[in-house]
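I opened this entry to keep track of what I looked up, item by item. The sequence and structure come first, and my notes follow.

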Amino acid sequence: MKLAGTVIGQFYPGESLLHRADPRMKILASMAFVTTLFLADGYAALSVLAAGIIAATATARVPITWIYRSLKPVLWLILFTLVFQLFLRGGEELARLGPLPIYRQGLYDSAFLAPRLLMLVLSGALLTFTTPPVLLTDALGSLLAPLNRLKLPAYELSLMVTIALRFIPTLLMELERIILAQRARGADIGRGGLVKKARALMPVLIPLFVLSFRHADELALAMESRCWRGGRGRTLRRKLRLTTADVLFGLLVAALLLFSLGLGIL
Amino acid sequence: MVLKALAGVSLDIEPGERLGIIGPVGAGKSSLLGVLAGLILPDEGSVTHGDLRLSARVRPRSGSVGLAFQAPEKCLFGKNVLEDVAFAPRQAGVASEEAHRLAAAALLATGLSPEKFAPRSPFSLSMGEQRRVALAGVLASQPQALLLDEPTAHLDPLTRRDLTGRLLDLNQEQGTTMVIVSHDMDEILRLAERVVVIDGGRVAADGKAAAILTDVALLERHSLEPPGVVKLSLQISQAVGGTTPVALTEADVLATLMAALPPGGAP
């Protein structure tokens with residue numbers, strides 16, 4: 001079992017163009033990209049998007065192993081979905097694989113689904129790879145600021161998201177240790193029927209929850225002892241400022257996305 | 001790049017032996033315990049328990065090894081102490097009543113009164129008590145060999161001394177083999193009769209505890225410090241300029257000091 005060493009939500013320190021881009025711009029670009037990903041239709045449109053994300057990945061200068069590790073968890077999901085799409089879709093039969101029919105619509109859909117899912121995950125991964133957690137919080141807080149007028153705690157919300165991301169690897173590492181420790185006590189994890197499996201998870205889940213609560217307590221205390229008093233009236237030491245390069249980056253992404261959408265309509 | 005946690009480690013551990021494993025942070029000590037317990041399968045080489053060669057299919061016999069990771073109290077989960085401690089024997093198929101009897105005996109062996117603690121929630125206990133419960137959970141399966149990763153780390157000095165004594169009793173009375181990983185050299189000195197130094201995933205030294213723990217040059221080479229008593233006795237012998245033998249216990253230090261003093265007491 002290899003749970004620790006995950007790259008989900010992690011930051012890869014660097015000095016690339018993408019690292020230096022304004023975090024708000026990166027969040028907006030990544031959201032717009034994902035939306036376009038599901039609106040755009042046709043191979044041409046997807047190819048444009050793929051070219052865009054590949055260019056962005058190349059710019060980010062993140063090791064290829066990190067890219068691979070970020071995509072690995074979805075590979076199984078994609079494989080699983082592909083099998084269902086191919087054989088169970090119904091409609092016009094294209095070919096046969098033994099007793100299993102392969103449908104035209106299924107083939108078509110799965111050819112779109114896999115790249116879409118990969119690009120979706122990649123765009124999210126690029127955002128967290130190239131943005132330090134603190135900047136991510138500030139940027140989210142700044143983007144959610146309009147919510148303040150509705151008396152919603154925008155900054156706290158963005159901080160929650162960042163803390164959650166920050167604790168994924170920590171909790172996974174602890175989960176791995178707990179599983180090993182309980183197996184050392186003879187726990188039978190991951191075997192037997194569904195009910196037995198669920199019951200066998202209790203010795204793992206309870207300590208994990210207890211640990212999470214303890215982390216939460218300790219983190220809250222540590223933040224309070226460093227005078228954290230919530231988002232109200234809080235000012236940033238480093239103000240986020242859009243530069244010409246950031247605007248250019250935004251325009252470039254917008255142009256690419258519109259172009260891809262246009263290709264889908266034509 | 002493939003990073004090898006352990007390479008070229010060859011160890012024979014005799015039944016009833018008390019082996020201490022020391023080494024700098026990241027040396028591979030905890031990994032070695034995992035491998036010895038059969039939880040981590042080595043990519044190369046093998047681990048044999050008695051005549052049983054472990055593999056993905058051949059698991060250690062129930063009751064052959066008990067492993068307590070660092071801070072084992074983090075893995076408590078039972079609704080009460082008795083259920084938690086009885087978990088291992090229950091998993092091994094022991095009937096409920098017998099498992100509870102084993103659990104009570106294990107609690108007693110770690111210094112907790114079963115009557116008082118059995119019905120309590122493990123989460124309501126102090127850290128020292130939780131550590132005792134967690135160790136009892138390992139003892140309940142009556143392992144022939146105990147693998148302990150920093151068994152007394154972060155505990156108060158009294159609990160520390162008490163637990164060390166109880167582990168020694170277990171070894172003396174039941175012949176339980178012990179493999180102890182620790183950064184606390186004084187604890188290793190009290191518990192181990194043989195010491196292995198691990199550094200960079202390799203065995204750097206292997207010998208009698210008294211020899212290894214007094215070899216200051218060897219220890220320093222591997223970013224380790226001798227136990228407090230050894231340091232003190234070396235300082236005394238340096239101060240008096242004599243070549244007194246290195247002390248291994250507080251009583252020895254005292255004897256060295258008394259011998260160095262002029263007759264009739266302090267000058």
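Before reading any strand partners I noted the rule: two strands count as paired if DSSP finds at least two bridges between them. I also noted that this is a predicted model.

**Entry 1: chain B overall**

I began with the extent of chain B. Its C-alpha atoms fill a box of roughly 65 × 50 × 30 Å along the principal axes. I then checked the radius of gyration: chain B has 21 Å, and a compact globule with 267 residues would come near 18 Å, which agrees. Buried residues account for 40% of the 267 residues in chain B. I looked up contact range as well: of the contacts in chain B between residues at least 6 apart in sequence, 62% join residues at least 24 apart. For secondary structure I wrote down twelve helices and eight strands in chain B.

**Entry 2: the sheet of chain B**

In what order do the six strands of the open sheet in chain B stand? I read β4-β5-β6-β1-β7-β8, with mixed pairing. At the edges I found β4 (65-68) and β8 (202-208) of chain B; each has a single partner strand, so one side of each lacks a neighbour in the sheet. I noted an average turn of 15° between neighbouring strands of this sheet, direction ignored.

I then went through pairs of strands. β4(B) and β5(B) are parallel and share four bridges, and A68(B) has L148(B) in β5(B) as its bridge partner. β5(B) also pairs with β6(B) in the parallel sense, over five bridges; here A145(B) stands opposite T177(B) of β6(B). β1(B) runs parallel to β6(B) and is joined to β6(B) by four bridges, with I21(B) opposite V181(B). Strand β1 (residues 18-22) of chain B has a parallel pairing with strand β7 (residues 194-199) of chain B too, over four bridges. For β1(B) and β7(B) I recorded two partners: L19(B) is bridged to R194(B), and I22(B) stands opposite V197(B).

**Entry 3: cover over the strands**

Are the residues of β1(B) buried or exposed? I found five of its five residues buried. I sorted them by face: R18(B), G20(B) and I22(B) lie on one side, L19(B) and I21(B) on the other. This fits the rule that side chains in a regular strand alternate between the two faces of the sheet.

I looked up β5(B) next, and five of its five residues are buried as well. One side holds A145(B), L147(B) and D149(B), and the other holds L146(B) and L148(B).

I also checked what helix α1 (residues 29-36) of chain B lies across. I listed β1, β4, β5 (145-149), β6 (177-181) and β7 of chain B, with the helix running at about 155° to β6(B).

**Entry 4: nonpolar cores**

I looked for the largest nonpolar core and found one of 74 residues. The residues with the most contacts inside this core are L67(B), V85(B), A103(B), L147(B) and I188(B). It draws at least three residues from each of domain 1 (18-214) and domain 2 (227-261) of chain B. A second, separate core has 26 residues, including V48(A), A56(A), V62(A) and L256(A).

I followed up A103(B). Leaving out residues up to four places away in sequence, A103(B) touches L82(B), V85(B), A86(B) and A140(B).

**Entry 5: two domains in chain B**

The domain assignment gives chain B domain 1 (18-214) and domain 2 (227-261). I read 33 Å between their C-alpha centres. Six residues of domain 1 of chain B are in contact with six residues of domain 2 of chain B. On the domain 1 side, helix α8 (residues 185-191) of chain B supplies the largest share, three residues.

**Entry 6: where the chains touch**

How many residues of chain A are in contact with chain B? I found 17 residues of chain A in contact with 19 residues of chain B. On the chain A side, α7 (154-184) and α8 (194-225) each supply at least two residues. α7(A) gives the most, with seven residues.

**Entry 7: one loop residue in chain A**

Last, I looked up P99(A), which sits in the loop between β1 (93-97) and β2 (100-103) of chain A. P99(A) counts as exposed because it has 6 C-beta neighbours inside 10 Å, and the cut-off for exposed is 12 or fewer. From P99(A) to I8(A) I noted 91 residues in sequence and 39 Å in space, C-alpha to C-alpha.

Conventions. Residues numbered from 1 in each chain as written. Chains lettered and ligands numbered in written order. Predicted model: local features only at pLDDT ≥ 70, side-chain atom pairs only at ≥ 80, totals over all residues. Core = buried A, V, L, I, M, F, W, Y, C linked by C-beta atoms within 7 Å. Buried ≥ 20, exposed ≤ 12 C-beta atoms within 10 Å, placed from the backbone. Domains from an automatic or database assignment. Contact = placed C-beta atoms within 7 Å. Axes fitted to C-alpha atoms, helices over the stretch in contact; angles between N-to-C directions. Rg over C-alpha atoms; globule rule 2.2 N^0.38 Å.
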